[in-house]
Amino acid sequence: MNKEQVIQWLQNFAAEIEQNKEYLTELDAAIGDADHGINMDRGFKKVASQLSSVADKDISTILKTVSMTLISTVGGASGPLYGTFFLRASTAVTGKEELATEDLLKLLQAGLEGVVQRGKAHLGDKTMIDVLLPVVDSFQQSVDNNKNILETMQQVVLVAEQAMKETILMLAKKGRASYLGDRSIGHQDPGATSTYLMLKSLLATLEN
Ligand code: ADP
Ligand code: MG
Ligand code: MG
């Protein structure tokens, strides 16, 4: 995955968020405060507007810029959490101009660890972790089986979609949805959904 593809990924993700802004907000209306789509769209519109100015920098610097932008423009839980994801992701690929499959694994792994440290959520708490964790496991398995980056991401997106849907039956234990207790059951988690979109847009980039 080269630098141009990293930029393309972030552009695709921003477009995907824009297209799903209302959907993400509706999901958050059911178990939160109806702003996840609005929050993410605000942040990624700003990210998209800055990409051309960092396109010649290394991948780590590009990801760090994304992080800083999200932390400063997105409020709520998702701003600091996605901000941390991209900050840790950036430090996992310091100085890189290109990412091998193993580098992308390290990027996702570091991002996941950052979100876990920041948000203290466990598997099954009905958060973005419920997508990120199985995704990193799936990615690791593909790397162990010598799959290429495209095959790896195709499998990852299948796993992510399934994991996103599995949040429907979970009882929220973190974030605003946790205030609802049992009433959080039966609704798909907004953050798990935006995380799925992040991976789907990464695959779309590689398939192009
Ligand atoms: P807020 O809840 O502050 O309005 P958003 O609506 O933008 O923020 O984001 C909500 C999403 O954030 C949830 O759907 C969930 O996936 C994620 N989230 C909330 N708390 C945590 C946490 N502690 N760890 C991981 N993800 C979390
Ligand atoms: Mg919200
Ligand atoms: Mg909010």
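Which residues are the closest to ligand 1? They are Asp33, Ala77, Ser78, Gly119 and Asp189, and they belong to a set of 20 residues that surround the ligand. Keep in mind that this is a predicted model.

**The ligand site**

Ligand 1 sits in the largest pocket. Three helices stand out around it. Helix 3 (36-54), helix 5 (78-92) and helix 9 (190-207) each give at least two residues to the shell. Helix 9 supplies the most, with three residues.

Polar atoms of the protein also meet the ligand. The table lists three such pairs.

| Residue | Protein atom | Atom of ligand 1 | Distance |
|---|---|---|---|
| Ser78 | N or O, side chain | oxygen | 2.5 Å |
| Gly119 | polar, backbone | nitrogen | 2.8 Å |
| Met128 | N or O, backbone | oxygen | 3.2 Å |

How much of ligand 1 does the protein cover? On its own, ligand 1 has 570 Å² of accessible area, and the protein covers 92% of that.

Ser78 and Gly119 thus appear twice in this picture. Both are among the closest residues to ligand 1. Ser78 makes its contact through the side chain, while Gly119 uses a backbone atom.

**The two magnesium ions**

Now turn to the metals. Which residues hold the magnesium ion (ligand 2)? Its protein donors are Asp28 (OD), Asp33 (OD) and Asp35 (OD). They lie 2.0 to 2.1 Å from the ion. Along the chain, these donors follow the spacing D-x4-D-x1-D.

The magnesium ion (ligand 3) is coordinated by Asp33 (OD) and Asp35 (OD). Here the distances are 2.1 to 2.2 Å.

How far apart are the magnesium ion (ligand 2) and the magnesium ion (ligand 3)? The answer is 3.5 Å, and Asp33 coordinates both. Asp33 is also one of the closest residues to ligand 1.

Are Asp28 and Asp35 buried or exposed? Both are buried. Asp33 has a relative accessibility of 33%, so it counts as partly exposed. The limits explain this: buried means under 20%, exposed means over 50%, and partly exposed falls in between.

**A helix residue**

One more residue deserves a look. Gln155 is part of helix 8, which spans residues 149-166. Its relative accessible area is 38%, so Gln155 is partly exposed. Val135 is 20 residues away from Gln155 along the chain. In space, the C-alpha atoms of Gln155 and Val135 are 8.9 Å apart.

Notes
Residues are numbered from 1 along each chain as its sequence is written. Chains are lettered from A and ligands numbered from 1 in the order in which they are written. This is a predicted model: local features need pLDDT of at least 70, side-chain atom pairs count only at pLDDT 80 or more; totals for chains, interfaces and linings use all residues. Side-chain values use heavy atoms; hydrogens and water are left out. Donors are N, O and S atoms within 2.8 Å of the metal (3.2 Å for Na, K and Ca); water is not among the atoms, so sites may look incomplete. Buried means under 20% relative accessible area, exposed over 50%, partly exposed in between (1.4 Å probe, protein chains only). A residue is near a molecule or strand if one of its heavy atoms lies within 4 Å of it. A polar contact is a pair of N or O atoms within 3.5 Å; within protein, one must be able to donate a hydrogen and the other to accept it, and residues adjacent in sequence count only if both atoms are side-chain atoms. Accessible areas come from the Shrake-Rupley method with a 1.4 Å probe; for residues, only the protein chains shown count as cover. On a 1 Å grid over the protein atoms alone, a cavity is a set of points where a 1.4 Å probe fits but cannot get out, and a pocket is an open set with protein on both sides within 12 Å along at least five of seven lines; lining residues have an atom within 4 Å of a point. A molecule sits in a cavity or pocket if more than half of its atoms lie within 2 Å of its grid points. Helices (H or I, at least four residues) and strands (E, at least two) are DSSP runs, numbered from the N terminus.
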